[in-house]
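Visitor: I would like to learn how to read a fold step by step, beginning with a sheet and ending with single residues. Could you guide me through it?

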Amino acid sequence: MARTFRVGLIGYRFMGRAHSNAWRQAPRFFNLKANVELHTLCGRNTAGVQAARAQLGWQHAATDWREVVESPLIDIVDIGAPNDLHAEIAIAAARNGKHILCEKPLALNVKQAEAMLAAAQKARVVHMVCHNYRRIPAIALAKKMIGEGALGKILHYHARYAQDWLVDPEFPINWRLQKETSGSGANGDINAHIIDLGRYLVGEFKEVCGLLHTFVAERPLSDAPVPQRGSTRKMGKVTVDDAALLIGRMENGALANLEATRFAAGRKNHIAIEINGSKGSVYFDFEDMNRLKFFNGDDPKDRQGFRDILVTERSGIHPFIGNWWPPGHLIGYEHTFIHTVADFVNACVEGKPVQPTFEDGVKNQRVLAAVAESQHKGRWVKL
Ligand code: SOE
């Protein structure tokens with residue numbers, strides 16, 4: 001009989017909801033090698049976590065993450081809490097023999113990330129960073145095509161992750177805008193994703209030149225009342241970057257060009273990736289995530305152009321999609337988490353590594369740190 005993994009999830013807001021949905025749906029749509037129980041949902045606010053527990057379908061609620069990582073009932077700890085908590089929770093979870101899925105960026109800095117990796121390796125638990133965009137069928141197809149040589153030698157990795165939720169200077173401070181709780185801004189939050197996709201699709205970064213910029217240095221504190229005439233509103237300092245740029249060289253000779261910003265008006269979750277090789281190119285945009293554009297330099301000259309692949313063919317033709325709907329019936333953001341959780345559970349059963357591991361998280365964190373160091377020192381940084 002298949003074993004049952006009891007899951008403890010820390011965090012119940014945006015990521016907590018996305019992960020809860022994934023834990024619930026993965027066993028329903030994928031042939032998991034274990035059963036999954038949504039055991040405990042944890043968050044600091046008692047009323048908030050209780051309401052989320054009921055709505056998201058967890059059996060128990062807890063307000064102290066230590067209860068979760070120390071519970072003998074829990075097999076898997078899933079970390080969706082703010083970044084400053086990742087290291088402490090993951091290290092404690094590893095020491096208690098739990099398999100760990102952790103949101104990105106892995107930690108606040110390289111040192112913490114390395115300690116998390118060391119703890120997970122020492123405890124021989126399965127560890128994974130939730131870079132969910134790797135498991136978009138179109139991205140997985142691009143990976144397969146690049147591996148098969150469809151693009152030839154890779155020359156350019158060009159990626160832009162653009163959002164616009166900070167364009168409004170009245171948007172209040174939250175934990176993502178404070179260095180102590182988030183480690184960095186656009187760099188760790190969204191550059192981390194396109195760094196991961198670059199490492200996945202193209203290869204390791206060799207050297208980088210980075211630029212970090214903060215457009216709005218002060219913002220209202222979230223609990224500050226709307227100012228009355230003559231009164232001043234309580235403001236807080238933004239201590240992280242609003243935008244992060246990276247140009248770099250990759251180990252295989254490809255040139256990298258990455259932009260991550262929360263100030264691109266009109267861009268909500270625009271992840272545009274273009275990879276150019278000696279024989280062809282692929283282009284992907286998350287806001288049209290079921291499609292991959294492919295230019296094949298081998299096509300006859302009189303009919304060359306980017307073709308538009310709808311990545312929804314089943315029967316093993318396109319990655320992940322076979323477990324969903326008939327061709328042309330599209331999937332969305334939430335499916336990327338479901339695919340991640342499905343692969344993670346099977347790896348836990350087999351006791352095998354599942355990418356991206358904490359080792360990938362450490363490598364990613366080194367690139368993030370190199371971008372910051374480059375900005376700080378005003379020069380290129382080798383990895
Ligand atoms: C906020 O910018 C955020 O939720 C990120 O933290 C996620 O990783 C990203 O995928 C969506 O935007």
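**Reading the sheet**

Guide: This is a predicted model, and a good place to begin is its open sheet of six strands, which are paired in parallel and follow the order β3-β2-β1-β4-β5-β6.

Visitor: Which strands stand at the edges of the sheet?

Guide: The edge positions belong to β3 (60-62) and β6, and because each has a single partner strand, one side of each is left without a neighbour in the sheet. From one strand to the next, the twist averages 25°.

Visitor: How do strands of a sheet pair, in general?

Guide: Strands of a sheet pair through backbone hydrogen bonds, and the pairing is either parallel or antiparallel. In this structure, strand β1 (residues 4-10) runs parallel to strand β4 (residues 76-79), with four bridges joining them, and Leu9 has Asp78 in β4 as its bridge partner. Helix α2 (residues 46-56) packs on the sheet, where it touches β2 (35-42) and β3, and its direction makes about 160° with that of β2.

Visitor: How many bridges join β5 to β6, and what does the chain pass through on its way from β5 to β6?

Guide: Strand β5 (residues 99-103) and β6 run parallel and are joined by four bridges, with Leu101 standing opposite Met128 in β6. Between β5 and β6 the chain passes through helix α5 (residues 110-123), and this β-α-β crossover is right-handed.

Visitor: Which way do the residues of β6 point?

Guide: In strand β6 (residues 127-130), His127 and Val129 point one way while Met128 and Cys130 point the other way, and all of them are buried.

Visitor: What lies across β5 and β6?

Guide: Helix α10 lies across β5 and β6, running at about 50° to β6. Phe358 is found in this helix, which spans residues 358-377, and Phe358 counts as buried because its relative accessibility is 0%, where the cut-off for buried is under 20%. Leaving out residues up to four places away in sequence, Phe358 touches Ala90, Ile100, Cys102, Leu106, Met116, Leu117, Ala120, His127, Met128 and Val129. Phe358 and Glu88, although 270 residues apart in sequence, are 14 Å apart in space from C-alpha to C-alpha.

Visitor: Is Asp299, in the loop between β15 and β16, buried or exposed?

Guide: Asp299, in the loop between β15 (291-296) and β16 (307-310), counts as buried because its relative accessibility is 16%. Apart from its neighbours within four places in sequence, Asp299 is in contact with Gln304 and Arg307.

Methods. Residues numbered from 1 in each chain as written. Predicted model: local features only at pLDDT ≥ 70, side-chain atom pairs only at ≥ 80, totals over all residues. Heavy atoms only, no water. Helix = DSSP H or I, 4+ residues; strand = E, 2+ residues; numbered from the N terminus. Buried < 20%, exposed > 50% of the residue type's maximum accessible area, 1.4 Å probe, protein only. Contact = heavy atoms within 4.5 Å. Pairing = 2+ DSSP bridges. Right-handed = clockwise from strand over helix to strand, strands pointing away. Axes fitted to C-alpha atoms, helices over the stretch in contact; angles between N-to-C directions.
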